[in-house]
Amino acid sequence: KDVTLLMDKYGNAMLINDKGATSNFMVIGNYYQALVGNKVCTFVHGWDIGGEEVDLNLGSNVKIAEHGNSKSVYGHVIGELVYYTSDGTNGDADYKLDHKENNQYKKAVFDVYTNVNKAVTTKVADGVTDSYEIKASNVTIPLADNKGNPYQDGTYATSVDEGNLAKHDTYTSVDYRTYYYDKGVVFIYVSYGDDEEIESIEFKKGVQNATNNELRHAIMGWPSQAAVKEELVKAVVIKTDSAAATVNNMLYVTDTKGFKEVDKDTNESFFEVEVAMFTADGKFLTEQHIMVNKDLQIGDFATYTKVAGTKYEDNYYRVKQFTRHNSQPAVLTTIGVDEVTSTADVGSSVIKHLIRVDSAKSVLGDTLVKPAAGHEGSGAVGYETYILGGYRGAGTDLFSTPNLAEGVINTARAEWLNATGNKDFDDVDSAEDLLDLKNVDFSKVVLDILLNEKPDSDGFRTAYLIVLKSIPDGS
């Protein structure tokens with residue numbers, strides 16, 4: 001009773017207690033097709049709200065449809081919080097996706113209602129801009145009664161236009177109810193990439209602080225959602241990175257081994273690479289030989305998830321190449337590095353933990369993107385990222401004059417990795433070590449940097465990993 005036995009796509013049993021943390025809710029990661037017997041069935045891959053990976057067979061009659069630049073099944077898009085159930089399935093389907101259980105509300109997915117005032121006692125009158133935000137001290141949360149409809153600029157929409165934030169219905173036509181958080185509530189932060197997959201997902205126990213801007217961020221028209229079971233909120237899914245996003249699932253490819261194998265039964269691909277990786281317990285490991293599911297190249301950053309149930313289950317990871325900016329974390333490739341000196345009223349001594357990268361010679365992914373007008377923290381100028389521009393962010397410890405902050409990065413917490421091929425640089429593990437090198441043309445030094453480029457977070461401009469790509473001789 002109240003126990004569901006799931007089989008993943010490899011035939012492995014995954015036992016889920018329906019009274020436990022999962023409660024049959026999941027965040028959709030991607031859709032794929034695989035053979036079951038002699039039929040091609042559609043599967044959904046994602047994460048339950050306890051953080052475990054889930055693969056569900058939706059059957060051979062279910063088709064994957066285009067939804068904007070993403071995929072969907074019956075309108076359920078990637079990044080969406082859904083309820084999955086075996087009740088009412090047809091044919092060879094093991095599960096179906098919905099927002100509720102048997103048209104009842106004992107288990108259901110709701111939108112987080114944002115356009116109420118911070119007291120959460122009344123609807124906001126027309127023209128009033130004060131809006132709800134979550135505080136870690138909250139014990140309740142307002143959820144929209146007519147759940148599930150993306151709403152933008154006064155009309156219902158199948159998706160939200162790029163660059164815009166999703167809105168809920170007008171204050172007079174949609175009501176909200178306040179629900180109590182469960183004592184084991186989980187906040188889940190989801191970020192969507194450009195290749196129709198979730199770029200990152202992070203699970204945090206307990207109620208977290210979340211601004212109205214964060215709550216209104218949307219993936220394919222769906223802003224923040226909540227999983228409710230028996231009147232208690234089990235999870236809140238926010239469609240952006242948390243202000244304190246972790247780098248503990250990040251890796252950097254230092255070498256490829258030219259090995260590829262495909263499992264004919266599961267169609268799973270295996271590539272062998274050498275990486276430096278941040279682990280779940282906060283360690284930074286180098287020269288790690290692992291098997292991954294994508295053909296990563298030297299110099300790629302990627303997020304990873306360890307996968308069991310495969311031929312290489314002790315050393316196999318699903319990965320996703322990582323090229324993001326103006327976020328936490330972000331990736332920056334730059335040419336040129338210089339020291340940073342203190343302000344004139346203190347003297348002109350070098351600040352040893354800071355470096356300045358050259359904004360004129362820096363690259364981020366393929367292009368530098370100008371922030372959308374009105375975007376929170378849009379202090380970046382031109383087609384610059386926040387780090388390369390003069391924006392100081394929310395911190396108070398970095399230069400009162402904005403243009404003095406251009407290109408400045410805090411390296412005090414950074415790991416350093418020598419990828420130049422020259423062992424003479426193996427001992428460089430600080431900004432001071434780098435800038436003390438002799439006979440170096442610092443205007444041509446190439447660095448790959450993993451850092452915090454989210455202006456409204458406490459760790460803005462903090463580097464986590466600095467890779468020495470090239471250190472030209474300047475003699």
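The accessible surface of the chain comes to about 22,200 Å² (Shrake-Rupley method, 1.4 Å probe), and 46% of this area belongs to carbon and sulfur atoms. The structure is a predicted model, in which local features need pLDDT of at least 70 and side-chain atom pairs count only at pLDDT 80 or more, while totals for chains, interfaces and linings use all residues. Residues are numbered from 1 along each chain as its sequence is written, and side-chain values use heavy atoms, with hydrogens and water left out.

Two helices and 32 strands are found in the chain (DSSP runs of at least four residues for helices, H or I, and at least two for strands, E, numbered from the N terminus). Of the 475 residues, 50% are buried (under 20% relative accessible area, 1.4 Å probe, protein chains only).

Turning to the interior, the largest nonpolar core (buried Ala, Val, Leu, Ile, Met, Phe, Trp, Tyr and Cys residues joined through side-chain atoms within 4.5 Å) holds 34 residues. Val44, Leu58, Leu81, Leu97, Ile188 and Val190 touch the most other members. Among the elements giving two or more residues to this core are strands E3 (25-36), E4 (39-48) and E16 (176-192); E3 gives the most, with five residues. A second, separate core of 27 residues includes Leu388, Leu434, Val440 and Val445.

Glutamate 453 also deserves a look. This residue sits in the loop between strand E31 (446-451) and strand E32 (463-470). Glutamate 453 is buried yet has no salt bridge (a side-chain nitrogen of Lys or Arg within 4 Å of a carboxyl oxygen of Asp or Glu); the nearest side chain of opposite charge, arginine 461, is 7.6 Å away. A polar atom of the glutamate 453 side chain does, however, lie 3.1 Å from the backbone nitrogen of isoleucine 387.

Technical notes: Lys and Arg count as positive and Asp and Glu as negative; His and the chain ends are not counted. A polar contact is a pair of N or O atoms within 3.5 Å; within protein, one must be able to donate a hydrogen and the other to accept it, and residues adjacent in sequence count only if both atoms are side-chain atoms.
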